[in-house]
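User: I would like to work through this protein step by step, with the reasoning spelled out for a beginner. Where should we start?

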Amino acid sequence: MSDFVDRVTVHVKGGDGGNGSAGIRREKYKPMAGPNGGNGGRGGSVIFVADPNANSLLDYRFMPHRTAESGTMGLGDVKDGSQGADLILPVPVGTIIFKAKGAQGEPKRPGELLADLRHAGDKFVAAAGGAGGLGNVALANKTRRAPGFALLGEFGEERDVILELKSIADVALVGFPSAGKSSLIAAMSAAKPKIADYPFTTLIPNLGVVKAGDMRYTIADVPGLIPGASQGKGLGLEFLRHIERTEIIAHVIDCATLEPDRDPMSDYLALEKELGEYAAELELPLGAIPIPERPRVIILNKADMPEAKELAEFVKPEFEKLDLPVFIISTASHEGLKELNFALAKLVTEMREDVRKREAAEEEARVVIKPLEQPVKRPMGRRKPVEFTIEKKDDHGVTFYEVIGEKPQRWVMQTNFDNDEAVGYLADRLARLGVEDGLRRAGAHPGDEVRIGKGERAVAFDWDPTIAAGAENLDGTTLGQRGKDLRLEDESGRSHRRTNTERRAQYHEMMDARAAVRAAMNEERKVGHWADPSVDDDRHDEHSLFGRGEDVLEEGVAEEADLDAANYEDGDRA
């Protein structure tokens with residue numbers, strides 16, 4: 001299997017944000033000391049970074065799914081959750097990132113250009129991490145002092161991207177199959193490409209680093225081109241993009257070919273035709289030199305064969321008439337390689353300086369379009385920007401109202417629908433944003449189905465414009481504005497936190513009551529009620545031992561008297 005991959009589809013997903021905490025602080029003598037839930041941590045992002053040590057996209061073919069770390073949940077004592085670590089993915093310098101297009105289950109194709117990582121260290125955030133949910137401390141305000149809910153963390157961004165590598169080399173070797181390009185790279189650098197005597201031996205681009213004195217530059221071996229490569233014949237279109245970033249194009253021409261309809265000049269003209277047709281539809285990056293304007297170098301190969309060397313000497317003047325530098329070499333005997341090496345190094349140095357000047361000039365000449373400054377006018381009424389859209393739709397006979405907008409969709413993801421108070425808070429936010437008024441204008445009635453968002457993350461519910469927050473319904477009744485907390489609105493005063501003045505007044509009342517009780521007890525003691533234990537102050541007290549006894553005795557005497565009276569009456573009758 002080849003160890004070079006220059007196009008791959010990657011599924012990236014940012015980390016999810018952690019949920020907020022809805023904790024309540026517990027202190028002695030303070031059963032409800034206030035909220036103390038922290039915020040959830042932010043999820044990590046997936047970031048592609050151009051790394052000069054990376055030379056292929058092979059790792060992403062075997063591991064195409066990449067997910068960043070998620071944030072953790074907030075904790076009590078106002079402790080925020082930890083943030084998820086960013087996932088840094090190194091890619092070769094020259095990688096272009098496209099948005100993947102295509103239906104699910106079908107091969108993806110490049111869509112919108114997202115980033116061009118041309119220089120080492122360039123970064124692109126492919127999937128941003130989700131924001132953490134707010135805890136109830138952050139949600140508290142003067143009207144909602146102790147929220148019994150928190151917001152959920154947002155989902156991380158998720159999408160498919162296509163990575164395409166366009167090799168950034170100083171010199172590109174182009175030529176017909178079996179012209180000796182791979183052999184030239186092997187002879188001039190430490191690269192070990194596959195070499196054989198059959199066409200299309202090179203199926204992947206090969207890169208080599210060449211050293212000329214203190215100068216270093218790179219050369220790229222583009223797989224063999226044939227007429228029609230710009231239209232997709234052979235391997236042309238697959239690898240022609242690798243010459244888009246090169247500064248010098250070197251034609252490697254086989255002077256020992258046995259094909260009757262080929263000669264060095266015709267090979268050169270045929271390859272230039274393919275390059276011209278490919279360059280016509282090419283969009284170059286900022287400061288890049290167009291392909292037709294890039295310097296050419298003619299390399300006449302296989303001079304170790306007498307017939308080939310004779311042909312090379314014969315056609316050399318023809319190329320020189322076109323102001324093209326010509327080098328006669330042999331990759332087998334290494335003839336002419338030293339001269340070629342230093343000549344390419346000098347040309348590369350000149351071209352690097354030229355490209356640097358072009359990029360600087362393009363940056364200075366870039367036109368920045370700014371809106372015209374208009375005189376400030378005081379509007380009669382403050383007009384709010386459109387932050388959502390409402391559309392009535394029909395899905396197989398089911399009519400519903402679809403609400404699309406960044407804020408409503410984000411708020412829905414942050415809501416815990418198992419908490420009635422959180423649902424009421426969402427209803428308040430949507431009402432303040434104008435969603436309820438928009439639904440009324442769109443013709444919605446209470447009970448109609450409303451869907452916020454699209455796809456799998458859409459939330460559907462029956463619209464009820466009078467829905468209340470859960471904290472208002474703790475006793476089964478609706479008491480007013482949504483979002484109030486009955487735990488703090490208790491009329492019994494159990495949840496009311498006294499002020500110092502109230503505490504002082506209640507203390508004095510308590511001490512006065514105790515003094516009055518002591519005075520009454522002293523008066524009773526002086527009268528003598530407490531001198532004889534047999535005296536019962538309250539004979540009818542059911543808890544009094546003496547009182548209960550006297551009551552029982554009185555009841556017994558009364559029963560005996562009734563019985564004697566009955567017996568007396570019976571005796572008189574007798």
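Analyst: We start with a definition: two residues are in contact when their heavy atoms lie within 4.5 Å. Please keep in mind that this is a predicted model.

User: Leaving aside its neighbours within four places in sequence, which residues is Leu184 in contact with?

Analyst: Leu184 belongs to the largest nonpolar core, where Leu184 is one of the five residues that touch the most other members. Once the neighbours within four places in sequence are set aside, the contacts of Leu184 are Leu173, Val252, Ile299, Ile329, Thr331, Leu337 and Leu340.

User: Which element gives the largest share of this core?

Analyst: The core holds 27 residues, and the elements that give two or more residues to it include strand S9 (171–174), H3, strand S13 (296–301) and helix H7 (337–365). The largest share amounts to eight residues, and the element that supplies them is H7.

User: Is Ser182 buried or exposed?

Analyst: Ser182 is listed by UniProt, in an unreviewed entry, under "binding site" together with Thr202, and the place of Ser182 is in helix H3 (residues 181–188). A residue counts as buried when its relative accessible area is under 20%. Because the relative accessible area of Ser182 is 7%, Ser182 is buried.

User: What percentage of the residues in the protein is buried?

Analyst: The secondary structure comes to 12 helices and 18 strands, and the protein exposes about 34,200 Å², of which carbon and sulfur atoms supply 52%. Of the 574 residues in the protein, the buried ones make up 39%.

Methods
Residues are numbered from 1 along each chain as its sequence is written. This is a predicted model: local features need pLDDT of at least 70, side-chain atom pairs count only at pLDDT 80 or more; totals for chains, interfaces and linings use all residues. Side-chain values use heavy atoms; hydrogens and water are left out. Helices (H or I, at least four residues) and strands (E, at least two) are DSSP runs, numbered from the N terminus. Buried means under 20% relative accessible area, exposed over 50%, partly exposed in between (1.4 Å probe, protein chains only). Accessible areas come from the Shrake-Rupley method with a 1.4 Å probe; for residues, only the protein chains shown count as cover. UniProt positions are given in the numbering used here, feature names are shortened, and annotations may be inferred rather than shown by experiment. A nonpolar core is a set of buried Ala, Val, Leu, Ile, Met, Phe, Trp, Tyr and Cys residues joined through side-chain atoms within 4.5 Å.
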